Amino acid sequence: MKHKLQETYERMFGSLNERVTVSDNDVLLDKKNKSWSIEQNDITKALNKDSKIVKHVGKKYLKGSYFDGLDLVADNNDGTTLATLKWTWKLKDLKKAILKSNPARWEE
């Protein structure tokens, strides 16, 4: 038997066990509707699963990263922008932009 809160959550947001996978070819933003095609939280989870990205940025900065508008912001005291998304980008484009950025810049 499910708890009432779990039933309410699942009705509103889907199953607690439901896993969303984001592939490198998924478009992140819906240019037509000016909205996210994929949940921001799912994007940051996908980035945290990529070993190259984690190694480049640093686990402590990437773990709590978040989006401020179209900017992906590192979880550091400065709130350093790791990358700024463009409307046509896929996940692989975001990863490329992060890997091109200079990590020494946000470790200061």
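Two strands pair if DSSP finds at least two bridges between them. Three bridges join β3 to β4, so these strands count as paired. The views below show a predicted model.

**View 1. The whole chain carries six helices and five strands.**
Read from the N terminus, the elements follow the order α-β-β-α-α-α-β-β-β-α-α. The protein chain has 108 residues, and 33% of them count as buried. Among contacts with a separation of 6 or more, 49% join residues 24 or more positions apart.

**View 2. Strands β3, β4 and β5 form an open sheet.**
The order in the sheet is β3-β4-β5, and the pairing is antiparallel. β3 (66-68) and β5 (81-84) are the edge strands. Each has a single partner strand, so one side of each is left without a neighbour in the sheet. On average, neighbouring strands are turned by 30 degrees against each other, direction ignored. Strands of a sheet pair through backbone hydrogen bonds, either parallel or antiparallel.

**View 3. β3 and β4 are joined bridge by bridge.**
Strand β4 covers residues 71-73. It runs antiparallel to β3, and three bridges join the two. Tyr66 has Val73 in β4 as its bridge partner.

**View 4. Helix α5 lies across the sheet strands β3, β4 and β5.**
α5 runs at about 135 degrees to β5. The helix spans residues 91-100. Lys95 is placed in α5, and the next view centres on this residue.

**View 5. Lys95 of helix α5 is a buried lysine.**
The relative accessible area of Lys95 is 12%. Buried means under 20%, so Lys95 falls in that class. The side chain of Lys95 makes a polar contact with the side chain of Asp50, at 2.9 Å. Leaving aside residues up to four places away in sequence, Lys95 touches Asp24, Leu47, Asp50 and Ile53. Asp50 thus appears both as a polar partner and in the list of touching residues.

**View 6. Helix α2 packs its buried residues against several elements.**
α2 covers residues 40-49. Its buried residues are Asp42, Ile43, Thr44, Ala46 and Leu47. They pack against the helices α3 (51-57), α4 (59-63) and α5. They also pack against the strands β2, β3 and β4. Leu47 is one of the residues that Lys95 touches. Thr44 is one of those touched by Ser65.

**View 7. Ser65 is buried in the loop between α4 and β3.**
Its relative accessibility is 9%. The side chain of Ser65 reaches the backbone oxygen of Leu62 at 2.8 Å. Not counting residues up to four places away in sequence, Ser65 touches Thr44, Leu72, Val73, Ala74 and Asp75. Val73 among them is the bridge partner of Tyr66.

**View 8. Ser101 is buried in the loop between α5 and α6.**
Helix α6 covers residues 103-106. The relative accessibility of Ser101 is 10%. The side chain of Ser101 reaches the backbone oxygen of Ile98, at 2.4 Å. Ser101 and Val57 are 44 residues apart along the chain. Their C-alpha atoms are separated by 9.0 Å.

**View 9. Lys34 lies over the face of Trp87.**
The distance from the ring centre is 4.8 Å. Lys34 sits in the loop between β1 (29-30) and β2 (35-36). Its relative accessibility is 54%, and it counts as exposed. Most residues other than glycine have a negative phi. Lys34 is not a glycine, yet its phi is positive, at about 50 degrees.

**View 10. Ser23 is partly exposed in the loop between α1 and β1.**
Helix α1 covers residues 4-13. The relative accessibility of Ser23 is 34%. Ser23 and Lys90 are 67 residues apart in sequence. From C-alpha to C-alpha they are 8.7 Å apart in space.

Terms used. Residues are numbered from 1 along each chain as its sequence is written. This is a predicted model: local features need pLDDT of at least 70, side-chain atom pairs count only at pLDDT 80 or more; totals for chains, interfaces and linings use all residues. Side-chain values use heavy atoms; hydrogens and water are left out. Helices (H or I, at least four residues) and strands (E, at least two) are DSSP runs, numbered from the N terminus. Buried means under 20% relative accessible area, exposed over 50%, partly exposed in between (1.4 Å probe, protein chains only). A polar contact is a pair of N or O atoms within 3.5 Å; within protein, one must be able to donate a hydrogen and the other to accept it, and residues adjacent in sequence count only if both atoms are side-chain atoms. Contact means heavy atoms within 4.5 Å. A charge sits over a ring if NZ of Lys or CZ of Arg is within 6 Å of the ring centre and within 35 degrees of the ring normal. Axes are lines fitted to C-alpha atoms, for helices over the stretch in contact, and angles run from 0 to 180 degrees between N-to-C directions.
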